[in-house]
Amino acid sequence: MDESIKPEIAEKIKQLEKKFKNSGQDLGSYLDGLLHDKYLTYWDYIHLDTLLSLQIPRTHFPDEEIFIMYHQITELYFKLIIHELKQIIDDKLQTAEFFTSKLDRVNRYFRVLINSFDVMIKGMEREQFLKYRMSLLPASGFQSVQFRMIEIYATPLVNLVNSKQRERFTEEDSLDEIYEHLYWKSGATDAKTGEKTLTLKQFEYRYTPRMMRIANQVKNSTIYHRYLELPEKERNNVHLIKALRTFDANVNINWLLMHMGAAYRYLNKEKGQVLATGGTNWKSFLPPSFQKILFFPDLWSSEEKENWGKEWVTHLFNTTK
């Protein structure tokens with residue numbers, strides 16, 4: 001039997017020896033480990049059995065499992081989005097090409113999420129939802145910290161202040177003070193008494209330290225800051241500007257409108273409305289034309305800002321009455 005080692009294999013062994021020598025390790029030990037290692041399987045690699053065991057309904061209604069899985073899938077996509085945003089923030093080369101490539105991925109993920117929202121809007125029986133939702137109190141999609149992290153990574157915290165109070169603040173103000181006036185808090189606070197819902201109290205208790213830590217980490221290095229720091233030629237790249245505007249519209253118009261569509265499908269009624277599971281006031285909280293959150297305000301004209309989301313919201317209201 002010819003036991004000679006092919007030249008290309010011998011070369012790879014040399015490269016491996018060099019690699020492990022530089023790390024202070026012994027190649028032979030690694031080869032012993034490779035000999036004894038089990039073959040990798042698909043189900044072990046993605047932890048399939050664990051993944052499929054994570055859906056634990058609180059009721060006997062079949063559609064609750066759809067509700068759980070859709071939200072789990074959404075959170076996985078949010079994790080992918082954050083993964084790309086952090087790479088932009090950490091990038092030192094300052095090229096429009098790299099910036100755009102990462103944003104294209106982010107926009108692709110959001111496109112999948114937006115297009116898949118029919119699973120929520122049309123994929124469950126309304127009567128089932130209105131019953132099993134009562135077992136979920138006070139939990140709410142409002143409590144998705146990853147979505148709040150996407151916002152914090154994307155733009156200065158001051159751009160996320162409630163629209164009625166935004167002009168009071170600048171980037172130079174204390175982040176702690178700005179944080180207390182973020183727009184989403186008003187969606188879970190009683191307008192008359194100022195009392196926070198339990199949903200908001202739970203969320204703040206669990207995640208405020210993490211959100212404030214991230215806000216301080218990216219105080220001058222959000223996606224918006226990174227864009228403004230690019231060399232002028234890179235900053236004026238039309239593909240990059242389009243990708244940034246698409247990201248802004250996807251998060252702050254299209255994604256919200258999909259939620260409004262679902263809210264109207266399940267929570268709207270002729271006389272008044274059914275409260276969301278966390279007690280959030282979705283009719284005043286979700287419409288993008290009310291909050292006018294823009295990650296990259298300098299990339300939009302005055303007219304576009306004034307009409308932010310209005311055309312689409314009007315269309316949605318008219319088609320869901």
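**Exercise 1. Take Arg 245: work out its burial class, then find its salt-bridge partner and say where the two sit in the chain.**

Step 1. Arg 245 has a relative accessible area of 24%, so it goes down as partly exposed. The cut-offs that matter here are under 20% for buried and over 50% for exposed. Keep in mind that we're working with a predicted model.

Step 2. The partner is Glu 304, and the closest N and O atoms of this salt bridge are 3.0 Å apart. The pair ties together distant parts of the chain, with Arg 245 in helix H15 (residues 238–266) and Glu 304 in helix H18 (residues 302–306), 59 residues apart.

Step 3. Now do the partner's burial: Glu 304 comes out at 29% relative accessible area, so it is partly exposed.

**Exercise 2. Which residues are joined into one network by salt bridges that share partners, and how buried or exposed are Glu 204 and Lys 196?**

Step 1. Start with the pairing idea: side chains of opposite charge can pair when their charged atoms come close.

Step 2. Glu 204 and Lys 196 do just that, with a salt bridge of 2.8 Å from N to O.

Step 3. Glu 204 has 12% relative accessibility, so it counts as buried. Lys 196 has 30%, so it's partly exposed.

Step 4. Follow the shared partners and you get one network made of Glu 180, Lys 185, Lys 196 and Glu 204.

Step 5. For another pair, look at Lys 201 and Glu 195, whose closest N and O atoms are 2.7 Å apart. Lys 201 is partly exposed because its relative accessibility is 40%, and Glu 195 gets that label because its value is 43%. The structure holds 12 salt bridges.

**Exercise 3. Leu 200: is it buried or exposed, and what does it touch beyond its sequence neighbours?**

Step 1. Place it: Leu 200 belongs to helix H12, which runs over residues 198–217.

Step 2. Its relative accessible area is 0%, so it's buried.

Step 3. Skip anything within four places in sequence, and the contacts of Leu 200 are Phe 142, Trp 184, Lys 185, Ala 188 and Thr 189.

Step 4. Pick Trp 184 from that list: it is 16 residues from Leu 200 along the chain, and their C-alpha atoms are 9.5 Å apart.

**Exercise 4. Check the length of helix H1 against the rise per residue, then look at what follows it.**

Step 1. H1 covers residues 7–22, which makes 16 residues. The expected span uses one less than the number of residues, times 1.5 Å.

Step 2. That predicts 22 Å, and the end C-alpha atoms are 23 Å apart, so the two agree.

Step 3. After H1 comes Gly 24, with a positive phi near 80 degrees.

**Exercise 5. Find the nonpolar surface patch that includes Leu 40, then zoom out to the protein.**

Step 1. Leu 40 sits in the loop between helix H2 (27–36) and helix H3 (42–45). At 64% relative accessible area it's exposed, because the cut-off is over 50%.

Step 2. Its patch mates are Tyr 42, Trp 43, Tyr 45 and Ile 46, and together with Leu 40 they have about 640 Å² of accessible area.

Step 3. For the protein, the accessible surface is about 19,400 Å², and carbon and sulfur atoms account for 54% of that. Buried residues are 43% of the 321 residues.

Step 4. The fold has 19 helices and 0 strands. Among contacts with a separation of 6 or more, 71% join residues 24 or more positions apart.

Conventions:
Residues are numbered from 1 along each chain as its sequence is written. This is a predicted model: local features need pLDDT of at least 70, side-chain atom pairs count only at pLDDT 80 or more; totals for chains, interfaces and linings use all residues. Side-chain values use heavy atoms; hydrogens and water are left out. Helices (H or I, at least four residues) and strands (E, at least two) are DSSP runs, numbered from the N terminus. Patches are made of residues with over 30% relative accessible area and no salt bridge: like charges are joined within 9 Å, nonpolar side chains (Val, Leu, Ile, Met, Phe, Trp, Tyr) within 5 Å. Accessible areas come from the Shrake-Rupley method with a 1.4 Å probe; for residues, only the protein chains shown count as cover. A salt bridge is a side-chain nitrogen of Lys or Arg within 4 Å of a carboxyl oxygen of Asp or Glu. Buried means under 20% relative accessible area, exposed over 50%, partly exposed in between (1.4 Å probe, protein chains only). Contact means heavy atoms within 4.5 Å.
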